[in-house]
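Work through the exercises below with the sequence and the model open side by side. Try each task before reading its solution.

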Amino acid sequence: MKEQNQQVERTPLGEQCFPFACHPGVACFTRCCRGVDLDLYPFDIIELKKGLGIGSEQIMRNHTRLSRGANPYFPTVKLKLVECGQEFVCPFLGEQGCSVYHHRMGACRTYPLERAVDRRIERGRAADCYFLTKHSYCLGHYEDQQVNVRQWLRSQRLAEHNMMNELWTEVDTILRTNPFKGEGSGGPTQQLVFMACYNIDGFRNFVLEHGVLESLSIAGRQRRCYQRDDKELLKFALEWVKHLLGGPSFLGRR
Ligand code: SF4
Ligand code: SF4
């Protein structure tokens with residue numbers, strides 16, 4: 001989680017414990033939800049669908065904006081803040097705190113940690129390490145509770161987010177090699193890839209309309225699963241994107 005124009009201390013972490021707790025009793029409660037600069041990953045949209053009870057297209061249209069980020073060949077999806085008095089705040093911030101708490105984004109769960117991922121896909125599996133990030137306004141760092149990385153990840157239920165984000169990292173790594181070539185930014189392939197990653201409802205319709213599953217070696221039971229399970233369909237979508245862009249993929253033609 002980042003905030004614009006803020007000085008942040010970062011300390012690499014191993015097994016050691018660090019002091020941190022976040023709860024409604026801290027004087028800075030919800031301070032980090034104001035003026036936040038937050039990237040959204042494909043699995044965040046799947047979770048927000050559950051938390052908000054609306055479709056992926058509506059989430060993308062109402063709550064996100066596109067920005068030019070670290071990858072010059074693919075847009076970065078950012079949370080779109082809403083104006084509230086003198087400031088801009090997360091659209092999901094309610095009077096009692098986070099209104100999508102159980103489905104909040106991976107970055108909100110991860111703070112005060114920051115995850116770094118080794119992108120070398122020849123390793124087979126992404127390797128990660130963690131930093132402790134300390135914003136001057138965050139008083140959670142002065143609470144008595146001591147935790148280590150493993151305990152924090154478990155308490156915030158981050159295993160699923162991290163597993164899904166590793167799949168996204170593999171795709172993002174390919175997207176950084178300009179796989180669209182002559183089509184350039186915003187061309188039909190990029191639009192298709194963007195839909196597969198960020199608009200799961202649109203991708204489901206696309207798959208059904210174009211007989212994508214039938215053209216691949218996908219078992220009937222798995223195909224039915226994709227029709228009702230967004231997370232499973234997103235796993236397929238990310239694999240399908242690698243297949244489409246000529247990257248390493250286990251999908252094979254019939
Ligand atoms: S999703 Fe919730 S925790 Fe995350 S910035 Fe928004 S209000 Fe805060
Ligand atoms: S303790 Fe830190 S993470 Fe928790 S509400 Fe305060 S600023 Fe946000």
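**Exercise 1. The peptide bond before a proline**

Task: Find where P112 sits in the chain, and state which kind of peptide bond joins Y111 and P112.

Solution. Step 1: P112 is in the loop that runs between α3 (106-110) and β11 (113-118). Step 2: read omega for the bond between Y111 and P112; the value is about 20°. Step 3: the bond is therefore assigned as cis, whereas most peptide bonds are trans. Note that this is a predicted model, and the angles here are computed from it.

**Exercise 2. Surroundings of the two ligands**

Task: List the residues that surround ligand 1 and those that surround ligand 2, then sort each shell by class.

Solution. Step 1: around ligand 1 are C33, V36, C90, F92, L93, C98, V100, R104, M105 and C108. Step 2: sorted by class, the ligand 1 shell holds nine nonpolar residues, no polar ones and one charged residue. Step 3: around ligand 2 are C22, V26, C28, F29, T30, R31, C32, Y111, Y137, C138, L139 and G140. Step 4: the ligand 2 shell sorts into nine nonpolar, two polar and one charged residues. Step 5: Y111, one of the residues around ligand 2, is also a partner in the cis bond of Exercise 1.

**Exercise 3. A cysteine in the ligand 2 shell**

Task: Is C22 buried, partly exposed or exposed, and how far is its C-alpha atom from that of E143?

Solution. Step 1: locate C22 in the loop between β3 (18-19) and β4 (36-37). Step 2: count the other C-beta atoms within 10 Å of its own; there are 18. Step 3: buried needs 20 or more and exposed needs 12 or fewer, so C22 is partly exposed. Step 4: C22 and E143 are 121 residues apart along the chain, yet their C-alpha atoms are separated by 8.3 Å.

**Exercise 4. Two domains and their contact**

Task: State how the protein chain is divided, and describe the side of domain 1 that touches domain 2.

Solution. Step 1: domain 1 covers 2-171 and domain 2 covers 181-244. Step 2: the centres of the two domains, taken over C-alpha atoms, are 26 Å apart. Step 3: 17 residues from domain 1 and 15 residues from domain 2 take part in the contact. Step 4: on the domain 1 side, α1 (42-52), α2 (56-63) and α5 (159-175) each give two or more residues. Step 5: by class, that side has twelve nonpolar, two polar and three charged residues.

**Exercise 5. The two sides of a helix**

Task: Which residues of α7 are buried, and why do they lie on the same side of the helix?

Solution. Step 1: α7 spans residues 200-209, and its buried residues are I200, F203 and V207. Step 2: these residues cover an arc of only 55° around the axis, so they are on the same side of α7. Step 3: N205 and E209 are exposed on the other side. Step 4: the packing partners of the buried residues are α1, α2, α6 (188-198) and α9 (230-244). Step 5: after α7 comes G211, with a positive phi near 60°.

**Exercise 6. Positive phi in a loop**

Task: Compare the exposure of N178 with that of K181, and give the phi of each.

Solution. Step 1: N178 is in the loop between α5 and α6, and K181 is placed in the loop between α5 and α6 as well. Step 2: N178 has a phi of about 55°, and K181 has one of about 45°. Step 3: neither value fits the usual pattern, because most residues other than glycine have a negative phi. Step 4: N178 has 14 other C-beta atoms within 10 Å, so N178 is partly exposed. Step 5: K181 has 9 C-beta neighbours inside 10 Å and therefore counts as exposed.

**Exercise 7. The chain as a whole**

Task: How does the radius of gyration of the protein chain stand against that of a compact globule?

Solution. Step 1: for 254 residues, a compact globule would have a radius near 18 Å. Step 2: the protein chain has 19 Å, which agrees. Step 3: its C-alpha trace spans about 60 × 40 × 40 Å along the principal axes. Step 4: the protein chain contains nine helices and 13 strands, and buried residues make up 29% of its 254 residues.

Technical notes:
Residues are numbered from 1 along each chain as its sequence is written. Chains are lettered from A and ligands numbered from 1 in the order in which they are written. This is a predicted model: local features need pLDDT of at least 70, side-chain atom pairs count only at pLDDT 80 or more; totals for chains, interfaces and linings use all residues. A residue is near a molecule or strand if its C-beta atom, placed from the backbone, lies within 6 Å of it. Ala, Val, Leu, Ile, Met, Phe, Trp, Tyr, Cys and Pro count as nonpolar, Asp, Glu, Lys and Arg as charged, and the others, Gly among them, as polar. Domain bounds come from an automatic or database domain assignment. Two residues are in contact if their C-beta atoms, placed from the backbone, lie within 7 Å. Helices (H or I, at least four residues) and strands (E, at least two) are DSSP runs, numbered from the N terminus. The arc is that of the directions from the helix axis to the C-beta atoms. The radius of gyration is taken over C-alpha atoms; the globule rule is 2.2 Å times the number of residues to the power 0.38.
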